[in-house]
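Visitor: I should like to examine one part of this structure closely. Please choose a single strand and describe its place, its neighbours and its side chains in one connected account.

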Amino acid sequence: MIPRSWLYVPGDRPDRIGKALAGPADAVILDLEDAVSAADKDGARRNVLAALADGHAAYVRMNAPDTAAGAADLRALAAAPGALAGVRVPKCEDPGELRRVADTLRVPVYPVLESALGIEHALALATAHPLVAGISLGEADLAADLRVSGGEALSWPRSRIVVAARAAGLPSPVQSVWTAVRDADGLRTSTTAGRAAGFFGRSVIHPAQIPVVHEVCAPDPAETSWARELIEGLAASRAAWIDRNGQFVDAAIVARARWVLEIADAGTQHENIQEGHLS
């Protein structure tokens, strides 16, 4: 299944961890990094390990592996029981460091690129190890490093990430967080633009953002119907043809239709799972 929403939950808030794991997010990221103060890192680590030991499948955002907190995270997660679904690795710049994390943990790793050097190394990071399962941007840190105000100034790094991910055979990148929690219209507009630019799914910091992200990630019913009709009537013997609506169809159009059906079917699976949890 393709996650649409990736909900960050502070590791030092066990009450929120339980709610998030039982909630509507497609993926939950237990955060040991930015959401947790230096004084609370040890307690957060214990909370995360306890949640994993209870059998909850979750992702973890560790601290940067070249820091003392990151080294402690790596040791703890390497010995963690339970269902560690994967690890987000922040501040990624060095493919060798990313390989060390992947070799140590033996779970899917998701480098987060948050600096000019990280962007320059995008393809090297995306192909650093077979366990690299996706790459993404940390836009706030990146904007600070580039000395820009965000927005359109990040258009090129965003495109760079999309190209690097697809060149490496990885899923479309997950879009960075929308920090204005109460601005649902802004979230919808930004997520729609991100999807058009090659992103799919979004990191979120509040459950209220999840329905908007799911809405934007759902294919238009007419588009889904078009894709299903095209695939069902696929003419294997022809490389290109004109469909009954007068639309030219070739391999690129077929690939687009398959992608539309993949995300449509994934959304249906997520909703069925959620209904099962609630029943």
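Guide: Strand S5 is joined to strand S6 (residues 136–137) by two bridges, and the two strands run parallel. The model described here is predicted. Within the pairing of S5 and S6, leucine 113 stands opposite leucine 137 in S6.

S5 also pairs with strand S4 (residues 84–89), to which three bridges join it, again in parallel. Here arginine 88 is the residue that stands opposite tyrosine 110 in S5. The connection between these strands involves helix H4 (residues 95–105): together, S4, H4 and S5 make a β-α-β unit, which is right-handed.

The surroundings of S5 are reflected in its accessibility. Five of the five residues of the strand (residues 109–113) are buried, so S5 is largely enclosed by the rest of the structure. In a regular strand, side chains alternate between the two faces of the sheet. In S5, Val109, Pro111 and Leu113 point one way, while Tyr110 and Val112 point the other way, and all are buried. Tyrosine 110 has a relative accessibility of 14%; because the cut-off for buried is under 20%, tyrosine 110 counts as buried.

Tyrosine 110 deserves further attention for its aromatic contacts. A search of the whole structure finds three aromatic pairs. In one of them, tryptophan 6 and tyrosine 110 meet edge-to-face, with 5.7 Å centre to centre and 65° between the planes. Tryptophan 6 belongs to strand S1 (residues 5–10) and tyrosine 110 to strand S5, so this pair ties together parts that are 104 residues apart in sequence. Both tryptophan 6 and tyrosine 110 are buried.

Tyrosine 59 and tyrosine 110 likewise form an edge-to-face aromatic pair, at 5.7 Å centre to centre and with 80° between the planes. This pair, too, links distant parts of the chain: tyrosine 59 lies in strand S3 (residues 58–61) and tyrosine 110 in strand S5, and the residues are 51 apart. Tyrosine 59 has a relative accessible area of 15% and is buried. Trp6, Tyr59 and Tyr110 form one aromatic cluster.

To draw the account together: S5 is joined by parallel pairing to S4 and to S6. Through Tyr110, S5 also contributes to the aromatic cluster with Trp6 and Tyr59.

Definitions and conventions
Residues are numbered from 1 along each chain as its sequence is written. This is a predicted model: local features need pLDDT of at least 70, side-chain atom pairs count only at pLDDT 80 or more; totals for chains, interfaces and linings use all residues. Side-chain values use heavy atoms; hydrogens and water are left out. Buried means under 20% relative accessible area, exposed over 50%, partly exposed in between (1.4 Å probe, protein chains only). Helices (H or I, at least four residues) and strands (E, at least two) are DSSP runs, numbered from the N terminus. Two strands pair if DSSP finds at least two bridges between them. A crossover is right-handed if, with the strands pointing away from the viewer, the path from the first strand over the helix to the second runs clockwise. Rings of Phe, Tyr and Trp (its six-membered ring) pair if their centres lie within 6.5 Å; planes under 30 degrees apart count as stacked, over 60 as edge-to-face and the rest as tilted.
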